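User: I have a model open and want to learn how to read its features. Can you take me through a few, one at a time?

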Amino acid sequence: MPVARVCVDVPLAHLDRPFDYLVPAELAETAQPGTRVRVRFAGQLVDGWLLERVESSDHGGRLTYLERLVSPEPVLAPEIARLARAVADRYAGGLADVLRLAVPPRHARVESQSPPPAAQPSDEPAPPSDESPLSSDEPAPPSDEPRAVAPALVVPVAGQERPGAGWRDYPAGPGFLRALRDGRKPRAVWSALPGEAWAQRFAEAAGATVRGGRGVVAVVADARDLDRLDVALTAELGPGRHVTLAAALGPAKRYRAFLAARRGQVPVVIGTRAAMFAPVERLGLVAIWDDGDDLHAEPRAPYPHAREVLLTRAQLADAAVLVAGHARTAEAQLLVETGWAKEVVADRATVRSRSPQITPTGDDPQLARDPAAATARLPSLAWEAARAALRADAPVLVQVPRRGYLPSVACATCRAPARCPHCSGPLALRSANAVPSCHWCGRVAAGYACPQCGGRRLRAAVIGARRTAEELGRAFAGVPVRTSGRDEVLDVVPAEAGLVVATPGAEPVAGGGGYGAVLLLDSWALLTRADLRAGEEALRRWLTASALARPASAGGRVVLVADGSLAPVQALLRWDPAWFAGRELAERRELGFPPAARMASLTGVPDAVADLLAVTRLPAEAEVLGPVPAQRGQERMLVRVPRGRAAVLAVALHEAAGVRTARKAAEPVRIQVDPLDMF
């Protein structure tokens with residue numbers, strides 16, 4: 001096989017194809033598929049991945065030789081190469097861009113170290129316990145292999161588990177787990193309910209898959225969830241049976257973990273979105289926790305989403321799927337409604353027994369008791385719930401959507417938003433004694449005067465977490481107040497009276513079975529966002545925080561400062577994310593929005609976007625929407641097609657991008673397929 005087909009690491013769309021090179025005699029044994037090479041390309045020495053060796057080339061001209069072999073380590077597994085090509089095609093991107101995401105940079109010292117021996121799996125399964133679904137006598141699933149979409153039961157870390165039967169809390173749960181152990185491929189989308197140790201359930205699913213002789217890839221949104229899953233897997237499988245992959249590990253640790261997986265030393269890989277391409281031998285299960293979290297969306301081209309990558313991977317590898325979270329996304333609901341997946345849900349009696357008491361402040365009974373509840377930031381009902389929990393020596397969680405002190409201010413006289421006189425960015429106050437400064441350019445606006453009325457006094461337009469903590473500290477004198485947000489994220493708080501003010505995603509777990517009260521403030525900031533997913537995201541954040549409260553039987557309360565008639569609020573009150581997801585999907589079908597349709601976003605300067613559309617051979621069904629303004633003088637156009645024409649649209653956009661790069665177009669256009677921030 002004297003010819004090597006190489007993917008050159010050049011991010012130009014018109015060069016997105018393999019190029020043939022001759023293999024020198026001295027590299028005939030070591031330059032194998034999957035290795036990194038250096039080649040001459042357009043007069044320059046560039047990196048590349050050797051995709052395959054073939055007998056001859058279709059190229060009619062003279063072939064050049066590989067310049068050198070970077071390493072004989074075959075870092076690119078054939079399965080990952082196929083997956084990378086499929087992901088590139090799905091997102092109208094290039095193979096080289098995806099491989100850059102899939103294979104971490106080489107660390108020569110780590111690679112040169114002799115690999116330790118692979119951990120040997122135990123011949124004996126873990127002993128059954130009250131929590132183990134493997135001991136259940138439930139009947140096996142039908143032979144047509146169930147596909148499951150499961151709302152689960154919630155979050156605790158070690159020591160915080162609540163009474164429950166694990167997978168047996170769901171009628172189809174034991175059968176799902178047994179299918180994994182038997183080497184079958186059930187597919188599940190699992191939405192979480194209050195009271196479940198989700199990391200332990202993930203570990204049990206991974207253990208069943210490993211005992212069935214297959215491997216596992218599990219992806220979580222952030223480091224806190226990764227730590228919880230790491231602990232649970234170590235308890236389930238024993239030490240040395242899995243590795244973690246995350247960008248925060250650093251180059252050496254990340255590459256060492258990657259090599260352990262690639263060399264087949266471990267059967268399980270867990271991590272943040274960096275793990276979605278992890279090479280695992282005989283892949284049997286892919287799993288993702290909280291697929292609605294925007295951290296699962298890759299910010300680098302071609303901008304893939306971890307959920308879609310894992311679903312594609314499951315299709316290619318014929319593997320089982322577990323998609324999980326407290327809420328259910330419209331994408332997960334689509335899997336259910338199309339029959340691709342089967343729900344695995346707890347009955348309503350179980351849901352009610354695990355849920356806290358949830359009350360909105362904006363419904364008619366509350367307004368009759370407290371007319372000011374319609375406008376108050378912290379109505380009397382919320383105060384009463386907090387006081388009752390503190391008197392019972394229980395912690396109270398206060399979720400605030402915005403971080404900082406006063407992230408947005410307005411003129412105190414005419415209420416006009418305060419804008420930076422230099423760049424028109426929003427002004428903010430970072431502390432009580434600070435002068436206004438711009439969010440965008442950072443300039444200080446010490447002498448600010450309102451351009452509308454000339455007023456110089458400012459008032460709060462949006463109140464952040466630090467200002468909220470300051471106000472609560474004055475209102476509840478003597479009660480400790482902690483904050484958890486971007487600057488410092490708490491993991492656990494003690495089971496004692498105290499206030500915890502947290503931004504979404506930074507809520508710590510409370511000892512003693514959970515929070516006595518959870519207050520969800522400023523709901524308007526989530527619900528009024530100009531975003532297709534505003535309601536879905538608001539419900540996801542509320543469910544995540546509410547899941548940390550004690551059940552109603554133990555005195556747990558959740559107070560939501562919002563109108564009780566709104567659909568996301570109703571879904572929270574009933575703890576029924578599946579109902580809201582079905583409603584959301586139906587509305588998107590009617591309006592023609594993802595996931596019911598496929599939509600591409602084209603962002604750039606107006607002339608560049610117009611040029612791209614002019615050379616794109618769009619399918620006949622395509623609708624072009626826009627333009628709408630984007631940041632920094634750019635604009636955005638949207639192209640919509642039915643789901644069945646998604647591949648045709650992706651090919652057309654990629655070919656058009658290739659035409660522009662071949663012409664050396666000066667201004668780039670960012671192409672994103674089904675982006676989260678569409679509007």
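User: Where does arginine 403 lie?

Analyst: This is a predicted model, so read every feature as computed. Arginine 403 is in the loop between strand 16 (395-399) and strand 17 (408-411).

User: Is arginine 403 buried, partly exposed or exposed?

Analyst: Relative accessible area decides that, and between 20% and 50% counts as partly exposed. Arginine 403 has 47%, so the label is partly exposed.

User: Which residues gather with Arg403 in a patch of positive charge?

Analyst: Arg430, Arg466 and Arg486 join Arg403 in that patch, on the surface.

User: Now cysteines. How many disulfides does a search of the whole structure find?

Analyst: A disulfide is a covalent bond between the sulfur atoms of two cysteines. Here the search finds zero.

User: Why is cysteine 450 not bonded to cysteine 414?

Analyst: The cut-off is 2.5 Å between sulfur atoms. Cysteine 414 holds the closest cysteine sulfur to that of cysteine 450, but the gap is 3.6 Å, so it is too far for a bond.

User: Which cysteine is buried at 4% relative accessibility?

Analyst: That is cysteine 450. Cysteine 441, at 33% relative accessible area, is partly exposed.

User: One last residue. Where is alanine 246 found?

Analyst: Look in the loop between strand 10 (242-245) and helix 7 (251-262). Alanine 246 has a relative accessible area of 8%, so it is buried.

User: How far apart are alanine 246 and glycine 271 in sequence and in space?

Analyst: Read both distances. Alanine 246 and glycine 271 are 25 residues apart in sequence, yet their C-alpha atoms are 5.4 Å apart in space.

Conventions:
Residues are numbered from 1 along each chain as its sequence is written. This is a predicted model: local features need pLDDT of at least 70, side-chain atom pairs count only at pLDDT 80 or more; totals for chains, interfaces and linings use all residues. Side-chain values use heavy atoms; hydrogens and water are left out. Patches are made of residues with over 30% relative accessible area and no salt bridge: like charges are joined within 9 Å, nonpolar side chains (Val, Leu, Ile, Met, Phe, Trp, Tyr) within 5 Å. Accessible areas come from the Shrake-Rupley method with a 1.4 Å probe; for residues, only the protein chains shown count as cover. A salt bridge is a side-chain nitrogen of Lys or Arg within 4 Å of a carboxyl oxygen of Asp or Glu. Lys and Arg count as positive and Asp and Glu as negative; His and the chain ends are not counted. The place of a charge is taken as NZ of Lys, CZ of Arg, CG of Asp or CD of Glu. Helices (H or I, at least four residues) and strands (E, at least two) are DSSP runs, numbered from the N terminus. Buried means under 20% relative accessible area, exposed over 50%, partly exposed in between (1.4 Å probe, protein chains only).
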